[in-house]
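Colleague: I am new to reading protein models, and I would like a close look at a single part. Could you walk me through one strand and the strands beside it?

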Amino acid sequence: MNLISKKFKIATYISLFYLLLSQTVYAQLSIEQAHIRLLPPVVKNTAAFFNITNTSEQDIHLVSAHSNISELVEFHTHVMKGNIMSMVQLPKLVIPAKETITLNSGGIHLMFLNLHSPLKAKQAVQFELIDNAGKRYSFTANVKAENSHSHHHH
Ligand SMILES: [Cu+2]
């Protein structure tokens with residue numbers, strides 16, 4: 001093997017290595033059925049619900065969230081304290097590789113605290129989810145009144 005073909009072979013291995021590296025480092029999230037609950041204007045907090053899918057090969061650790069509509073955006077879940085259902089903040093939300101997590105009104109949800117102004121039906125709200133590497137994922141959810149015929153029990 002002459003020197004030129006040897007160098008070419010090494011270059012090929014290096015570029016293959018970076019191609020594989022870039023694919024594993026590229027973390028990706030998508031959401032479906034996103035909506036934010038419309039509540040009476042006196043209520044200063046509300047929540048967003050959606051299905052979130054991690055299409056990448058590695059777990060994504062979401063550590064914070066941000067939106068212009070409220071002072072704070074937090075990951076919450078519901079826990080039973082005695083016989084009372086209450087909300088607690090989750091320090092992070094892990095979306096496992098190739099999996100979907102459902103955020104719904106009885107479980108995990110994205111909580112908007114201290115809304116700057118009352119929301120309106122069909123308003124498009126943008127929010128960002130930020131992972132432990134500082135990567136920001138931008139999404140939009142529409143404000144929607146709760147279905148009065150729903151049979152959810154809380
Ligand atoms: Cu909450």
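Modeller: Happy to help; here is a short tour that starts with the whole chain and then settles on strand β1 and its partners. Keep in mind that this is a predicted model.

Let's begin with the overall layout. The protein has 1 helix and 10 strands. If you walk along the chain from the N terminus, you meet the helix and then the strands, in the order α-β-β-β-β-β-β-β-β-β-β. Of the 154 residues, 20% are buried. Now take the contacts in the protein with a separation of 6 or more: 68% of them are between residues 24 or more positions apart.

Now to strand β1, which covers residues 29-38. One of its partners is strand β2, residues 46-54. These two strands run antiparallel, and 6 bridges join them. If you would like a pair to find on your screen, look for H35, whose bridge partner in β2 is F49.

Strand β1 also pairs with strand β10, which spans residues 136-145. Here the strands run parallel, with 4 bridges between them. A good pair to look for this time is R37 and its bridge partner in β10, K144.

Stay in β10 for a moment and find A145, which belongs to that strand. A145 and L38 are 107 residues apart along the chain, yet their C-alpha atoms are separated by 4.7 Å. Leaving out residues up to four places away in sequence, A145 touches L38 and A121. Is A145 buried or exposed? A145 is exposed, because 11 other C-beta atoms lie within 10 Å, and a residue counts as exposed at 12 or fewer.

Let's go back to β1 and look at Q33, which lies in that strand. Its phi is positive, at about 55°, although Q33 is not a glycine. Q33 has 11 C-beta neighbours inside 10 Å, so Q33 counts as exposed.

To set beside Q33, try N114, which lies in strand β8, residues 109-115. N114 is another residue other than glycine with a positive phi, in this case near 60°. N114 is exposed because it has 10 other C-beta atoms within 10 Å.

As you turn the model, here is a handy rule to carry with you: in a regular strand, side chains alternate between the two faces of the sheet. To retrace the tour, start at β1, follow its antiparallel pairing to β2, and then follow its parallel pairing to β10.

Notes: Residues numbered from 1 in each chain as written. Predicted model: local features only at pLDDT ≥ 70, side-chain atom pairs only at ≥ 80, totals over all residues. Pairing = 2+ DSSP bridges. Contact = placed C-beta atoms within 7 Å.
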